[in-house]
Every structure is written in structure tokens, then in C-alpha cells.
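Here are some notes to help you find your way around this structure. Take them one at a time, with the view open beside you.

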Amino acid sequence: MGRSVPDGSRAPGAPAGLRLRAVTAGYGGAPVLRGVDLTVRPREVVGLIGPNGSGKTTLVRVASRALRPRSGSVDVAGRDPYVLSARHAARLVAVVPQDAPATLGFTALEVVLMGRSAHLSPWGGGGPEDYRRAREAMEAAGVHHLADRDVDRLSGGERQRVVLAQALCQDAPVLLLDEPTTHLDPGHVVAILEVVRTLARDRDRAVLAVFHDLNLASASCDRLVALDGGRIVADGPPDEVITRSFLHEAYGVEADVYPHAVTGRPVVVLGPPLRPFRARGLPRAHVVGGAGRGAPVMRALAEAGYEVTAGVLHATDTDAVVAERLNLERITVPPFSEIDAQAAQECVAMMRRAAVVVVCDAPYGPGNLANLEAAVRAAEEGVAVVLLEQVPARERDFTGGRATELWERLAGRARVVRSFEEVLA
Amino acid sequence: MNRRRGLVLGGLLLALAAAVIVAVGVGTVPIRPWDTLRLVAWKLGLAARPVGVPESTAVILFELRVPRVALGVVVGAALAVSGTLFQALFRNPMADPAIIGVSSGAALGAIAVILATGGALSGGLAVSAAAFAGAVVVAFGVYRLARIGPAVQVATLLLAGIAVASVLSSVITMLMASSGEQIRSIYFWLLGGLQARGWDAVAASGPLVVVGVAVALLEIRDLNLVSLGEERAAQLGLEVERFKRTSLGVGALLAAAAVSVAGVIGFVGLMTPHILRLVVGADHRHLLPASVVAGAILMVLADLAARTIVAPEEIPVGAVTALLGGPFFLYLLRRQRGAVRA
């Protein structure tokens with residue numbers, strides 16, 4: 001590995017990769033792309049994202065010599081594909097289209113071999129070298145076992161991988177993928193993206209891939225380019241491109257974006273958004289959470305219309321983030337610090353004003369033991385307490401038994417439930 | 001696999017030889033295969049004049065039977081290759097020069113010239129040229145009409161073909177109605193037939209068909225590419241517009257060459273590539289050469305049937321191919337619909 005294959009078709013000294021400059025293009029009527037500037041260097045895997053109709057596929061078509069831009073310039077591997085023959089251009093840029101339509105019954109190997117067409121002499125068939133490359137590409141795409149099968153009878157995902165193999169054995173320095181993973185199962189998505197990344201790294205390919213799945217784009221590309229309304233609205237590392245405001249402006253969604261716990265890449269969480277809490281006349285409920293155990297309870301209570309308070313929370317803990325997003329009245333102390341006497345006092349006061357205190361089964365250590373003590377005090381003063389217990393107290397006691405003891409005292413005065421739903425009941 | 005395909009082509013060539021020998025032997029004066037071979041060897045200067053074979057037999061063989069069978073070979077190969085080209089271009093196994101109206105276009109061109117000049121029904125450069133012009137116009141027209149989006153939809157193709165063909169045949173009918181005494185011969189010519197055309201017809205169509213088939217054979221790899229769709233073919237390095245012009249033109253040329261000497265004969269171009277795909281696969285490197293031979297076989301046998309079923313009367317060979325091809329077409333249509341649903 002790590003070898004780079006010299007590419008005879010590249011003009012010496014010419015800038016390789018893909019470059020679009022001030023490209024405006026369309027199909028008659030209003031242009032679909034408006035003044036697009038985009039560069040993909042060799043060894044780079046750039047993800048192209050954007051809402052439906054933003055011009056992603058049009059950009060791929062422009063770069064692949066299928067749609068001549070109205071103005072601006074296209075440059076693949078140092079050449080303008082629109083002045084080259086189709087054959088010559090096909091040696092510089094390969095495309096994996098969005099879908100692979102039915103053929104007239106070719107076998108997978110025959111289809112893959114057609115990827116070599118631009119390299120063959122006009123009337124020659126494929127030689128042993130072409131067969132070798134076709135087989136190699138099929139192995140990379142995981143379709144070598146389908147070689148003699150009729151492509152029209154393969155599944156959508158298998159067919160997509162056959163077309164990928166076809167594009168791979170085209171051996172072009174620029175590779176364009178238009179939603180290459182649409183029909184693939186998760187196993188093949190990961191495998192195919194790895195193949196593409198390896199190809200970019202080890203064979204100096206410049207790869208531009210259109211993605212619909214933002215998390216996939218974020219996880220598999222070093223750089224993302226976002227199109228909206230035919231213009232590039234962001235171009236940079238995933239965490240600079242995928243932001244809440246981008247999601248709102250481009251897609252019109254209120255989605256959460258978190259850095260991935262391991263890679264730090266942005267992770268988009270779609271689904272009903274967390275709306276800031278608005279009381280709807282139900283009584284006050286106080287939630288004692290920690291380590292994310294309180295988040296679903298806070299959300300469920302807030303959505304049900306309770307006036308939810310929370311604490312004591314450690315800043316940056318998931319529960320603290322969620323309480324902030326729900327805009328709850330809350331008590332917060334610095335991360336990993338012990339809850340000080342003042343915060344504990346305030347917390348007891350907050351509990352007194354609540355009709356019910358929900359204590360979640362967070363892990364308890366010296367840092368948050370004061371939460372349990374506060375709950376015990378409130379309970380002894382007659383405040384109704386609900387204990388949410390899905391994990392036994394002993395298994396999340398990091399205080400040498402003190403937390404379990406407090407939990408059991410609470411259990412004597414509280415209703416113990418096993419699920420979020422029961423909390424609401 | 002490749003070995004098997006080689007065997008298939010060899011087998012087809014042998015079958016063609018056998019079909020030709022049988023076909024030239026069958027008739028009111030039967031000629032034994034052995035006599036046929038000896039007479040051919042003599043004619044080619046390879047052997048002495050065979051003894052015991054009457055002079056009249058040689059005349060029948062070389063002036064009646066051989067030209068007719070040769071015309072069958074030429075027309076069958078032309079129609080099969082034309083069908084193969086159209087199927088690849090339209091990316092659609094239902095394409096056939098007769099079904100998509102190209103043959104009607106050729107027929108209209110030919111009839112117009114025949115009526116205008118009061119000329120003969122076969123041969124003649126003007127007739128061939130007019131047939132070609134008609135075929136080309138229809139081929140490009142239907143292609144434009146039927147192509148919506150990246151592929152030609154079966155329904156659009158067939159409907160466009162039906163519409164164009166019915167317009168053309170009503171024009172043909174009008175021409176015929178005003179053609180006076182020529183109406184009967186034009187009618188039989190339209191039905192399709194190889195009877196009494198002689199060497200002139202072979203000479204008129206043969207060279208065109210040889211050229212057309214040769215060009216098609218040179219385009220084999222590009223035919224494979226275009227079967228994946230125009231845009232994909234371009235991405236893989238095919239100069240699509242130029243290729244499309246050439247192969248629509250060649251398809252039209254072949255159909256016109258067949259129509260101008262044998263009338264409208266349907267379904268040969270549909271059935272031949274279809275059956276062969278099941279045997280040699282879709283790769284045109286194997287499909288196209290096999291189509292040349294198999295189309296010839298199909299045509300020679302269909303003509304044999306046409307002149308023997310109700311002998312001594314003849315039925316038009318177009319009726320024989322339609323009798324075979326109609327049900328085949330319906331079967332394909334059902335299968336296509338099944339495939340779309342799956």
C-alpha cells in the first residue's frame with residue numbers, strides 16, 4: 001500500500017484533481033448552478049451535500065462532461081473535458097451515477113468490463129490486463145462472486161456495486177459519485193466508502209461524492225461542500241459546514257448537532273426537535289438527573305405540560321445541556337465539582353415548591369451525593385417523590401454504600417417506578 | 001462461456017448451410033442435396049459437370065431457387081441486424097424495424113417512387129434511395145418521439161411506433177387506391193415476399209446489406225455501451241450523438257434494403273436477437289454475429305414454409321413471420337410487464 005500509480009493521461013505539471021470556476025449551468029430556463037467555485041485535490045474525498053434540487057447532480061453532470069456549463073470553466077486532471085473527445089475525457093473522470101437502469105441482460109462482468117472501453121483501441125476487445133482490472137474492481141466493490149450473473153436480476157444494492165466496479169476500473173484520476181450508497185445496507189455502505197477513501201489515499205484520486213445522509217458525509221469526508229439554491233453556501237471541514245444554522249437555512253429543519261463522542265465529527269440528530277419548554281398550567285415537577293439519566297424524564301414532563309425544574313446539574317453533562325435547551329429553571333454547578341452547600345440549599349428550596357420530585361437512577365458519587373441528601377430532606381418534609389429505578393442502586397453506587405443507603409431511605413417514602421411512562425402516570 | 005459462444009456461431013453457420021441446401025431442394029422439381037452440392041461444385045469450377053442431372057435442374061437451381069434463397073439470406077440478415085441495432089439504441093427488446101414503423105417508412109418511400117415512375121417493384125437505385133429516405137426519417141422521428149428521459153419506455157416506443165406506422169399505412173393506402181392496376185402487385189409486395197425477384201434483387205440489396213452489417217460489426221463495443229443508456233455510455237467514453245446518427249442510419253439502411261426488395265416483413269428483427277440473447281447473452285460481440293446468421297436462417301425457413309404449406313400456392317412470407325412473431329411479441333410484452341412489476 002501507499003504506492004501511487006502514475007497516470008499517463010495527465011499532462012505533465014498540470015494541476016490534477018477537479019476544479020470548477022464560476023460555473024453557471026442549467027437546462028434552459030433559470031440556471032441550476034450559479035457561479036460555483038469548487039476544487040477537489042488528489043487524495044481528497046470531498047462530500048457534496050445540500051437539499052433536493054440544490055444542484056448536486058447537475059454539478060456532477062457538469063464535471064463529467066454531460067452538461068456543458070453556460071459560463072465558467074471546468075478542469076479535470078488539468079484538462080477541459082469539453083474540448084476533449086468523450087473517450088479521452090472518460091480516461092480522466094469516472095462517474096458512479098445515482099441509479100443503474102436495467103440493461104438488456106448483460107452479465108456483471110460484461111458491464112464492469114465496459115468501464116475499460118475508454119482504454120481500449122477502437123476495435124479491440126478487452127485483453128488479459130483489462131480482465132484483471134475488472135476482476136480487481138469487482139473485488140473492491142464486493143461483487144466478484146456475481147461476475148456471471150445477469151445484472152438485471154441483481155438487487156438494487158448489488159447493481160449499484162457493479163456500477164461502482166465499472167467506474168473503478170475506468171482508472172480515472174477524478175472519481176465522481178452521485179449518492180453511491182442509496183441502495184446499500186449499512187455493511188456495504190461502510191465497505192464501499194472505505195474502498196473509495198483507500199483509492200483516494202493510495203492512488204491519488206480526487207473524489208467528489210454526493211451525499212444525502214449528512215452523518216455519512218460527516219463521518220467519511222475530510223471536507224464538505226454545501227450547495228443550496230445552486231450556490232455553494234459552505235465549504236470546509238465537516239464541523240464548520242454541518243451546523244444547526246446550516247441545517248435550518250438549507251433544509252428548514254431544527255435539528256441537533258453534537259460532536260461525535262469518538263471522532264469529534266458533527267452528528268446530526270433528526271426527529272421532533274426539542275422545543276423550549278412552555279408551562280401549560282400543570283403543577284411543578286423537579287427532576288434530579290445526572291449522566292443523561294434525567295434527559296428523557298425532563299423532556300417527557302415538559303412535553304406533558306408540567307412546569308419542570310432541574311438540579312443540581314453538572315454543567316456540560318447531557319442533562320444540563322438538555323435542561324438548557326428546554327429552557328428549564330435549574331441549578332447548575334461546574335463540571336465534576338462537588339455540589340456545594342449553597343447549591344444544595346437552593347435545590348431543597350426548589351424541591352419544596354414542586355408538587356413532585358422525580359429522582360432518576362443516575363450513578364452517584366461524591367460529586368452528586370448531595371442531590372440524594374436533598375431529596376431525602378424534601379421527602380421527609382412531605383414532598384411527593386418518585387424514584388425511577390431501572391438500574392439497581394448498588395450497581396451505580398460509587399460512594400461505598402452511602403448512596404444505596406440514601407436511596408433505600410427514599411424508597412421507603414416514595415413511589416418507585418421502572419419506566420419513563422410510569423413517571424407520568 | 002466464450003468457447004460455448006464460438007460453438008453457437010459455428011453451429012448456426014452449419015444450420016444455415018443445411019437450411020440453404022434443403023430450401024433450394026424443395027419445390028415442384030425436388031433436387032437432392034447431393035445433386036445440389038455437385039452442381040454448385042461444378043458451377044464454381046471445382047468439379048466436372050455432374051452426370052445424370054438434367055440441364056433443367058441446373059437452370060431451376062441457379063436461376064430460381066438459389067437467388068430466392070440468397071435473397072432470403074440477405075433480407076433475413078438485414079432485418080435481424082437492424083432489429084439488434086434498434087434494440088440496443090432504444091434500450092428496449094421490443095424494438096423491431098416493422099414495429100417501430102421504420103419498415104413502413106421505407107415502404108412509403110419505395111411505393112411513392114414506384115408509382116411516380118411506373119417502375120418495377122424491386123431493385124432500382126431510385127427505389128432503394130427512396131426507401132432509405134423514408135426509413136431514416138421514421139427512425140430518427142420515432143427515436144425523438146419515444147425518448148423521454150434517460151431510457152425509451154416500452155409504452156412510449158410502441159405507441160409512437162403504432163401512431164407513426166398507422167399514419168404511414170393510411171398514406172400508403174391512399175397512394176394504392178389511386179394506383180389503378182398496380183394495386184394488386186403493390187399489395188402483395190407490401191405483405192412481404194421473396195418470390196420471383198431473381199438475381200437483380202440480390203444485386204440491388206446485397207451490397208447495401210454487406211456494408212450495413214460491416215458497419216454494425218465495427219460498432220459492436222459501442223452498441224454494448226449505448227445499451228446502458230446514453231448518458232452512461234458518454235461517461236464511459238462514447239461519442240453518443242455521432243454514434244446514434246450512425247447506427248440509426250445503418251439500422252434504417254438495412255431495413256430499407258430489405259423492404260425495397262422484399263416488402264414489409266415483420267418480427268424477424270424482433271425475434272432473432274431475442275432468442276439469441278438467451279443463448280449467447282447480451283454482449284453484442286457475440287450477439288451481433290450470431291444475429292446475422294440466425295436472421296438468415298429464420299428468413300430462409302420462413303420462406304420455405306411460405307411456399308410449401310399450401311403448395312403450389314404461396315402465402316406471403318410476411319404472414320408466416322407474423323404468425324410466429326405475433327404470439328412471441330405478446331409473450332415478450334407480458335414478460336416485460338412482469339419485469340417492471342418485480
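**Notes for a first look**

1. Let us begin with chain B, whose secondary structure comes to 14 helices and zero strands. Reading along the sequence of chain B therefore gives an α at each place in the pattern, α-α-α-α-α-α-α-α-α-α-α-α-α-α. Please keep in mind throughout that this is a predicted model.

2. How compact is chain B? Its radius of gyration is 20 Å, close to the 20 Å that the globule rule gives for 342 residues, so chain B is as compact as a globular protein of that length. Along the principal axes, the C-alpha atoms of chain B fill a box of roughly 65 × 55 × 35 Å. Of the 342 residues in chain B, 53% count as buried. Taking the contacts in chain B between residues at least 6 apart in sequence, 77% join residues at least 24 apart.

3. Next, look at where the two chains meet. Here 21 residues of chain A are in contact with 25 residues of chain B. On the side of chain A that touches chain B, helix H2 (residues 86–92) of chain A gives the most, with three residues. By class, that side of chain A has 11 nonpolar, eight polar and two charged residues.

4. Now for the sheets of chain A. Strands of a sheet pair through backbone hydrogen bonds, either parallel or antiparallel. One open sheet in chain A has three strands in the order E2-E1-E4, with antiparallel pairing. Why do strand E2 (33–40) and strand E4 (71–76) of chain A each have one side without a neighbour in the sheet? Both stand at the edges with a single partner strand each, so one side of each is left free of a sheet neighbour. From one strand to the next, the twist averages 15 degrees.

5. Staying with this three-stranded sheet, strand E1 (residues 18–25) of chain A is joined to E4(A) by five bridges, and the two run antiparallel. If you would like a pair to pick out, Leu18(A) has Val76(A) as its bridge partner in E4(A). Helix H1 (residues 56–63) of chain A lies across E1, E2 and E4 of chain A, and runs at about 115 degrees to E1(A).

6. Another open sheet of chain A has six strands, ordered E5-E6-E7-E3-E8-E9, and its pairing is mixed. Which strands are at its edges? They are strand E5 (93–96) and strand E9 (231–236) of chain A, each of which pairs on one side only. Direction ignored, neighbouring strands of this sheet are turned by 20 degrees against each other on average.

7. Within the six-stranded sheet, strand E3 (residues 45–49) and strand E8 (residues 223–228) of chain A pair in the parallel sense over four bridges. In E8(A), Arg223(A) is the bridge partner of Val46(A). Helix H5 (residues 156–168) of chain A packs on this sheet, where it touches E5 and strand E6 (174–178) of chain A; the direction of H5 makes about 180 degrees with that of E5(A).

8. Finally, turn to helix H11 (residues 318–325) of chain A, whose buried residues are Asp319(A), Ala320(A), Val322(A) and Ala323(A). These cover an arc of only 165 degrees around the axis, which puts them on the same side of H11(A). The buried residues of H11(A) pack against helix H10 (295–304), strand E13 (307–314) and strand E14 (329–333) of chain A. Just after H11(A) comes Asn327(A), with a positive phi of about 60 degrees.

Definitions and conventions:
Residues are numbered from 1 along each chain as its sequence is written. Chains are lettered from A and ligands numbered from 1 in the order in which they are written. This is a predicted model: local features need pLDDT of at least 70, side-chain atom pairs count only at pLDDT 80 or more; totals for chains, interfaces and linings use all residues. Two strands pair if DSSP finds at least two bridges between them. Axes are lines fitted to C-alpha atoms, for helices over the stretch in contact, and angles run from 0 to 180 degrees between N-to-C directions. Two residues are in contact if their C-beta atoms, placed from the backbone, lie within 7 Å. Ala, Val, Leu, Ile, Met, Phe, Trp, Tyr, Cys and Pro count as nonpolar, Asp, Glu, Lys and Arg as charged, and the others, Gly among them, as polar. A residue is buried if 20 or more other C-beta atoms lie within 10 Å of its own, exposed if 12 or fewer, and partly exposed in between; C-beta atoms are placed from the backbone. The arc is that of the directions from the helix axis to the C-beta atoms. The radius of gyration is taken over C-alpha atoms; the globule rule is 2.2 Å times the number of residues to the power 0.38.
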